[in-house]
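This briefing walks through a few regions of the structure shown below, beginning with one residue and its surroundings and then turning to other topics.

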Amino acid sequence: MSLTVRPAARARRGTVRLGTLELGGGPAVVIGGPGADARLVDLRAPHGRPITAEALSAVRGAWAGPVLVEPSGSDDLPRIAATADGVLVGAAWTRDLRLVRAVSRLGLPVVVQRGPATSAEEWLAVADYCAAEAGEKVVLCEGGGRGRPGAAAAPPDLALMRAAGERSGRPVLAGLGGDPSLAAAAVAAGADGLLLAPDPAPETTAAAQEAVRVIGALTRREEPDSVLAARGAIDRVDAALAVLLERRAELAGTVQRLKPVGGFAGRDMERERRLVAEMARRAPSLGEARLAPIMNAVIEAGLHLAEERRAREAGGPERGGPCAAADGHGEEEGGRTPRAGKRA
Ligand SMILES: C=C(O[C@@H]1C=C(C(=O)O)C=C[C@H]1O)C(=O)O
């Protein structure tokens, strides 16, 4: 067995490369500040805008990955062409066709952003215009634009974002500015990436990254064609599984507290069999026979946790914790656990 990379057999339609990132084909990405997959530099910064060269080299000095730049005017373009991996046609200047044309001719991918002042038709027309000039390397971004420097970012219309992506076949970003509250919804609605502010709060970036991983695992169909890409996709599925397993353990713990007899003593094998059968409908390849031992382990882990917590709350010695499971007698734990008293 070898870890060779299969040549990409599929011609991917509708994907655009931003440096090392592929927008549209693989996982959803985050573009913004530190901690994102690509950095955004806004040369239209509100207070005394920095010298273009300084702003760009500051980011380049600290970050080797993809950089997307929003210019403030055509003077910025030569420097951007030499330094950046893509250009943002911000919502505030989609109507400056001279600048749009000059940007499209740089040879870099172009992200065309829609703001509240632009209609959907106008937005897609600008994107088509850029695509003709930029050799199809165009990405749509819905929302997040600031009309004026310093103004609040407009929230994205996610239905419009989805429709625009389907109609144009181009990758779509949801512009979220500094507000991650729609991050999960945007990924579920089909966003290929989330465009944040150039320097959002670290929690904003973390929330966006969590959404692209966990929600992306549930909603995006990826077709990885290398071991590395497939492992990346597995890592995202595992992130979603971990979130669900933690939530499941909490809920199973609630049942233990509410049932007349909780813990291993109150185990209900008929309920367990039924939930495995129900899961097999959604996991037909695994089927009941393979799911049963998996769910047995999950359920027993939840019961151990619940008993451990109960013992701790009662101030008694801990039983059935990880040590008990690790000593090789984990399966017999139910037999060694004292009967739970009636707790209503
Ligand atoms: C949570 C319960 O207690 C136990 C744990 C279960 C689970 O984790 O799903 C299922 C049945 C019981 O053996 C329950 O009775 O529903």
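Leu 194, once its neighbours within four places in sequence are left aside, is in contact with Val 30, Leu 173, Ala 174, Leu 176, Ala 183, Ala 186, Ala 208 and Val 212. The coordinates behind this and every other statement here belong to a predicted model.

**Nonpolar core**

- The largest nonpolar core has 64 residues, and those that touch the most other members are Val 89, Val 112 and Leu 194.
- Helix α7, which covers residues 202-219, supplies the largest share of this core, with 7 residues.

**Strands β5, β6 and β7**

- Strand β6 (residues 86-89) directs Gly 86 and Leu 88 one way and Val 87 and Val 89 the other way, and all of these residues are buried.
- In a regular strand the side chains alternate between the two faces of the sheet.
- Strand β5 (residues 67-70) runs parallel to β6 and is joined to it by 2 bridges, with Leu 68 standing opposite Gly 86.
- Between these two strands the chain passes through helix α2 (residues 77-83), and the resulting β-α-β crossover from β5 to β6 is right-handed.
- Strand β7 (residues 110-114) is likewise parallel to β6, to which 3 bridges join it, and here Val 89 of β6 stands opposite Val 112 of β7.
- The path from β6 to β7 leads through helix α3 (residues 97-104), and this β-α-β crossover is right-handed.

**Shell around the ligand**

- The residues around the ligand are Ala 252, Val 255, Lys 259, Arg 267, Asp 268, Arg 271, Glu 272, Leu 275, Ile 299 and Gly 302.
- Two or more residues of this shell come from each of the elements α8 (227-258), α9 (269-282) and α10 (287-314), and α9 gives the most, with 3 residues.
- Sorted by class, the shell consists of 4 nonpolar, 1 polar and 5 charged residues.

**An unusual backbone angle**

- Although Glu 136 is not a glycine, its phi is positive, at about 70 degrees.
- Most residues other than glycine have a negative phi.
- Glu 136 belongs to the loop that links α4 (120-134) and β8 (138-142).
- Is Glu 136 buried, exposed or partly exposed? Because 13 other C-beta atoms lie within 10 Å, Glu 136 counts as partly exposed, given that a residue is exposed at 12 or fewer and buried at 20 or more.

Key. Residues numbered from 1 in each chain as written. Predicted model: local features only at pLDDT ≥ 70, side-chain atom pairs only at ≥ 80, totals over all residues. Helix = DSSP H or I, 4+ residues; strand = E, 2+ residues; numbered from the N terminus. Pairing = 2+ DSSP bridges. Right-handed = clockwise from strand over helix to strand, strands pointing away. Near = placed C-beta within 6 Å. Nonpolar A, V, L, I, M, F, W, Y, C, P; charged D, E, K, R; others polar. Core = buried A, V, L, I, M, F, W, Y, C linked by C-beta atoms within 7 Å. Contact = placed C-beta atoms within 7 Å.
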